[in-house]
Amino acid sequence: MASAVLGDEVVCSVERAVHVLGARWTPLILRELYYGCTRFDEIRQRLGIATNLLTTRLGDLVESGVIERVPYKDGHARTRHEYRLTAAGRDTLLILGALQQWGDRHQPRTKGPSVLRRRRGGGGQLRVAFVDEEGREVALDDVEMVPAN
């Protein structure tokens, strides 16, 4: 997966997003960052991902502006880096929520969902949906994708 910023030759927004976020491990790495795992060893251990693969994926996400690398130092140990979501990274929560919602509906676990989406502070459950400019939900049957130009 090349991580360089795409020029205008790639017109489709879906293709542009997949270019940055479409590698198999990328959504899982982002999920772990949302869960608060920000250090390389934590992420590697939780996912069981090879070190070289995680290094590559994190580098791609940094280069694409989805996460940032922030130095930290524990005591006298050498300086290491943790990874934090940028604004672009935080926006991927919609994508992860949609993937999770699809998985819960079409590939459900016998025990039910492993994670619930809800409003911070103990609010009710949330779901991902298309919403119009007035804030009303639009049924999927009423959504169409049309070329912009």
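## Overall architecture

What share of the contacts in the protein with a separation of 6 or more comes from residues 24 or more positions apart? Such residues account for 37% of those contacts. The model is predicted.

The protein has five helices and four strands. Read from the N terminus, the order of elements is α-α-α-α-β-β-α-β-β. The C-alpha trace spans about 60 × 45 × 30 Å along its principal axes. Of the 149 residues in the protein, 26% are buried.

## Annotated domain

An unreviewed UniProt entry carries the annotation "domain: HTH hxlR-type", and this annotation covers residues 12–111. In the model, that span is 59% helix and 12% strand. The C-alpha atoms at its two ends lie 38 Å apart.

## Nonpolar core

In soluble globular proteins, nonpolar side chains tend to be buried together. The largest nonpolar core here has 19 residues. Within this core, I29, L30, L33 and I67 touch the most other members. The elements that contribute two or more residues to the core are α1 (13–21), α2, α3, α4 (51–63) and β2.

I67 illustrates the range of these contacts. With neighbours within four places in sequence left aside, I67 is in contact with L30 and L33. The contacts of I67 also include L58, L61 and V62, together with Y83, R84, L85 and T86.

## T92 in helix α5

T92 lies in helix α5. Is T92 buried or exposed? Its relative accessibility is 4%, so T92 counts as buried, the cut-off for buried being under 20% relative accessible area.

Apart from neighbours within four places in sequence, the residues in contact with T92 are L21, L30, Y34 and V66. L30 also appears among the contacts of I67, and L30 is one of the core residues that touch the most other members.

## V128 against helix α5

V128 is placed in the loop between α5 and β3. Which residues does V128 contact, leaving aside its neighbours within four places in sequence? They are L94, G97, A98 and Q101. V128 and L94 are 34 residues apart along the chain, and their C-alpha atoms are separated by 7.1 Å.

V128 has a relative accessibility of 27% and therefore counts as partly exposed, a class that runs between the 20% limit for buried and the 50% limit for exposed.

## Salt bridges

Side chains of opposite charge can pair when their charged atoms come close. The count for this model comes to 11 salt bridges. One of them joins the side chains of R39 and D74, with an N to O distance of 3.1 Å. This pair links distant parts of the chain: R39 is in the loop between α2 (26–34) and α3 (40–47), D74 is in the loop between β1 (67–72) and β2 (80–85), and the two are 35 residues apart. Both partners are partly exposed, R39 with a relative accessible area of 27% and D74 at 43% relative accessibility. Salt bridges with shared partners join R39, D74, E82 and R84 into one network. R84 is also among the residues in contact with I67.

A further salt bridge is formed by the side chains of D104 and R117, at 3.8 Å from N to O. This pair also links distant parts of the chain, with D104 in helix α5 (residues 87–106) and R117 in the loop between α5 and β3 (130–131), 13 residues apart. D104 counts as partly exposed at 29% relative accessibility. The side chains of D132 and R136 meet in another salt bridge, with 3.0 Å from N to O. D132 is partly exposed with a relative accessible area of 21%, and R136 is partly exposed with 48%.

## Aromatic rings and charges

How many aromatic pairs does the count give? The count comes to zero aromatic pairs. Rings do, however, have charged groups over them. The charged end of R39 sits over the ring of Y72, at 3.7 Å from the ring centre. R39 thus has a place in the salt-bridge network and over the ring of Y72. The charged end of R24 sits over the ring of W25, at 4.5 Å from the centre of that ring.

Terms used
Residues numbered from 1 in each chain as written. Predicted model: local features only at pLDDT ≥ 70, side-chain atom pairs only at ≥ 80, totals over all residues. Heavy atoms only, no water. Phe/Tyr/Trp six-rings, centres within 6.5 Å; stacked < 30°, edge-to-face > 60°. Lys NZ or Arg CZ within 6 Å of the ring centre and 35° of its normal. Salt bridge = Lys/Arg side-chain N within 4 Å of Asp/Glu carboxyl O. Buried < 20%, exposed > 50% of the residue type's maximum accessible area, 1.4 Å probe, protein only. Contact = heavy atoms within 4.5 Å. UniProt positions renumbered as here; feature names shortened; annotations may be inferred. Core = buried A, V, L, I, M, F, W, Y, C linked by side-chain atoms within 4.5 Å.
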